[in-house]
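Biologist: Please take a close look at a single helix in this model and at what surrounds that part. I would like one connected account, with the cut-offs stated.

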Amino acid sequence: MPITERQDNVKNLTIMIKPASSLCDMACSYCFYSDVAASRSEASLGIMEKAVAASVIRNIFSELEAGDSVTFAFQGGEPSIAGLDYFTFFADTAQKAASPRVKINYALQTNGLMIDEAWCRFFKAHKFLIGLSLDGDAAIHNKNRADNTGKGTFNRVTEAKKLLDKHRIDYNILSVLTAESSRRAVKLWDFIVKQGIRYIQFIPCLEPLLGQSASALTSGKFYHFYSNLFPLWKKEAANGNLVSIKLFEDLAVLHLTGQPVTCGLSGRCKPQIIVEADGSVYPCDFYVLDEYRLSDLTKSSIREVFDAVVNSDFLKESAGQPVYCENCAYKAWCGGGCKRMAKAVYGENCGMRMFLDECLSPLLAVYRRYYKDNL
């Protein structure tokens, strides 16, 4: 989620904020941020204080001008644990700090457990884009996504989905793709269609920073899942129902416009600004670790923070391509992908390459047919 500047010097800024640090009211078996937090000297930095939020907001808007835009993307842990009062304060403070004609956008990734009518009214009033975590039907979802008492959460999450639909709030479904669920492409697709899901992102389940996990996706399982999913998606699209699957859209945009829209898809990390609950800044959501702490947005301007990220060793580490990419037909587009997802997607027996060999041409044909006037 980078800050970018167009040729007309208009700034577009995205900041990921963790207002509840690693705190969560669920105990997902594969949680990557719980793994990250456990590798730090302090696992949780608690709830972001309003004074910290106010300083972060002040140091962002001090360098934004009319015509600029900023997106605040809240993630966790579970960001809703910070409370509706915190988010109301944040939105009010941001609106007061914004210069005339600075556009403010909001996004929030949630497990859905705390979503009720009051939250939905707030989301609607501030035009939030919601990422709702839902892994599939009850059997698939409840296997890994239990609350802190050990109970499955499928019913509560689908109730949250109904509330979002009722209030006509824009949302995407976020599904973690595990080694087991990767074998269930047909079942997952049936669930997507029956639930009327329009936008979905499958997030590869990653190995922990140290050790291994039986749930972690491998590049072979990545290929197996998407090669089975693709013909189902293509058939539905031919019938006039084009479901937005993020990987497919990202690949279409990349290959038809040359512009990567997902960090790491082109083989290099993009500058990201991840803000923990104390205001500390990190270059990547996968590496919010003590050794990668770069700055403090309560004490530094957003320009100083961005410069620290751009010049960090972390970004420099992503500059080279793996050896196995040298003779790949897609190396100019992919470049080995995100280093944190190397085993889950790429690697020696690259799942991405196998999928592109098999499905890229028909995938692009689908998007050319539907979006020929926009790409």
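Modeller: Helix 8 covers residues 219-238, 20 residues in total, where helices are DSSP runs of H or I with at least four residues and strands are runs of E with at least two, both numbered from the N terminus. From its first C-alpha to its last, helix 8 reaches 28 Å, close to the 28 Å expected at 1.5 Å a residue; the expected span is 1.5 Å times one less than the number of residues. This is a predicted model, in which local features need pLDDT of at least 70 and side-chain atom pairs count only at pLDDT 80 or more, while totals for chains, interfaces and linings use all residues. Residues are numbered from 1 along each chain as its sequence is written, and side-chain values use heavy atoms, with hydrogens and water left out.

Helix 8 bends by about 25° at Phe 230, the bend being the angle between axes fitted to the seven residues ending at a residue and the seven starting there. A proline, Pro 231, follows within four residues. Just after helix 8, Gly 240 has a positive phi of about 95°.

The buried residues of helix 8 include Phe 222, Phe 225, Tyr 226, Leu 229, Phe 230 and Trp 233, and also the polar or charged Ser 219, Ser 227 and Glu 236. Buried means under 20% relative accessible area, exposed means over 50%, and partly exposed lies in between (1.4 Å probe, protein chains only).

Tyr 226 also figures in the largest nonpolar core, which has 117 residues: together with Phe 72 and Phe 248, Tyr 226 touches the most other members. Such a core is a set of buried Ala, Val, Leu, Ile, Met, Phe, Trp, Tyr and Cys residues joined through side-chain atoms within 4.5 Å. Helix 13 (residues 351-371) supplies the largest share of this core, 9 residues.

Phe 248 is in contact (heavy atoms within 4.5 Å) with Tyr 226, Leu 229, Phe 230 and Trp 233, and also with Phe 355, Leu 363 and Tyr 367, leaving aside neighbours within four places in sequence. Phe 230, where helix 8 bends, is thus one of the residues that Phe 248 contacts.

As for cross-links, a search of the whole structure finds 0 disulfides, a disulfide being a pair of cysteine sulfur atoms within 2.5 Å. Cys 24 is in none, and the nearest cysteine sulfur, that of Cys 28, is 6.0 Å away. The sulfur of Cys 350 is 5.7 Å from the closest cysteine sulfur, in Cys 334, which is too far for a bond. Cys 350 is buried, with a relative accessible area of 6%, whereas Cys 24 is partly exposed at 30%.
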